[in-house]
Amino acid sequence: MVNIDVKSITKPVGILRIVATIFTCMCFILVATVGHNKSPYWAWCMFTWCFCFLVTLLILILEFTMVSTKLPFAWDDFTAAFAILASLLCLSASIIYPMFFTCSTCHRQIGASVVSWFCFAGYVAEVVLTRLHPSGETRGFLSTIPGIMKMLETFLACLIFMSLESGQYSGSSPLQWCVAVYSLCFIFAILIIILTLGQLTSFFPFSFDIVAVAYNILATVMYFTAMIIWPLYSFRNNKRPTHCGSLCAWDKLVVVTLMTIFNFIVYTLDTIYSIRLVFFVNNQ
């Protein structure tokens with residue numbers, strides 16, 4: 001027998017989720033009716049709206065049927081983390097889509113861009129509501145500062161992958177090292193998120209916090225090398241072509257460079273905070 005929880009869709013967070021499903025669906029439909037575009041940025045925006053719509057709808061269904069109470073992981077932590085991730089995704093889509101795919105006479109594209117900003121505002125409102133607990137405490141790793149940084153690291157890595165083209169690095173060993181850095185750090189960050197979300201860290205025969213600190217230090221050093229190597233070898237004897245449009249390969253090199261710098265900063269802050277948390281705060 002399936003139990004029903006009507007309050008899950010009538011409380012403020014539930015209403016925000018219903019609004020988010022409607023708005024993300026509107027964005028997806030408006031852009032889909034315009035036609036397909038081969039650009040990875042277009043695919044990223046479509047993925048963002050479709051992914052946010054499906055996951056938000058799934059959350060609504062699982063909470064409405066109370067199946068969420070029977071899942072083997074921290075549900076509140078997952079929903080709070082998803083709201084943060086969805087905010088980042090919608091923010092990127094709200095900036096990227098109007099920048100590359102709208103014009104003064106593109107009414108459906110303009111409409112999708114405007115609605116996307118409403119999606120972003122809705123998810124930000126959900127983040128605020130889910131993080132303002134009466135006890136003043138967060139509910140799990142992904143709702144804490146280290147967890148948020150991990151999601152931000154994976155998000156920036158996705159933007160890097162979206163801008164990479166095989167021809168940019170296939171013939172250069174230094175640039176291939178940079179791609180390896182992006183890939184390895186992304187995989188391990190996802191692994192840490194999965195282990196913490198599934199509450200599997202307690203099964204480790206050693207301190208998982210120490211392992212996370214060691215990984216953060218290594219990832220920071222690796223991203224530092226990529227931050228130096230990528231622009232050095234990407235732009236050497238490679239000026240911006242005069243006929244370069246808004247989506248040319250040279251501009252994507254700039255995007256990768258900027259995202260590498262941003263991710264290095266995030267990894268550095270993550271390392272500093274995790275060292276302080278593990279070796280100073282927890283030992284008091």
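Helix H6 covers residues 145–163 of this predicted model. With 19 residues at 1.5 Å a residue, H6 should span 27 Å, and the separation of its end C-alpha atoms, 27 Å, agrees with that expectation. Burial gives a second view of this helix: 14 of the 19 residues of H6 are buried, so the helix is largely enclosed by the rest of the structure. Cys158 lies at a position numbered within the range of H6, yet this cysteine counts as partly exposed, because its relative accessibility is 24%. The sulfur of Cys158 has no bonding partner at hand: the closest cysteine sulfur, in Cys52, is 12 Å away, which is too far for a bond.

Attention then turns to the cysteines that do pair. One disulfide emerges from a search of the whole structure. This bond links Cys103 with Cys106, at an S to S distance of 1.9 Å. The torsion about the S-S bond is about 85°, so the disulfide formed by Cys103 and Cys106 is right-handed. The two partners fall into separate accessibility classes: Cys103, at 34% relative accessibility, counts as partly exposed, whereas Cys106, at 15%, counts as buried.

Cys119, in contrast, takes part in no disulfide. Its nearest cysteine sulfur belongs to Cys27 and sits 4.1 Å away, whereas a disulfide calls for two cysteine sulfur atoms within 2.5 Å. Cys119 is also buried, because its relative accessibility is 1%.

Note on methods: Residues numbered from 1 in each chain as written. Predicted model: local features only at pLDDT ≥ 70, side-chain atom pairs only at ≥ 80, totals over all residues. Heavy atoms only, no water. Buried < 20%, exposed > 50% of the residue type's maximum accessible area, 1.4 Å probe, protein only. Helix = DSSP H or I, 4+ residues; strand = E, 2+ residues; numbered from the N terminus. Expected span 1.5 Å × (residues − 1).
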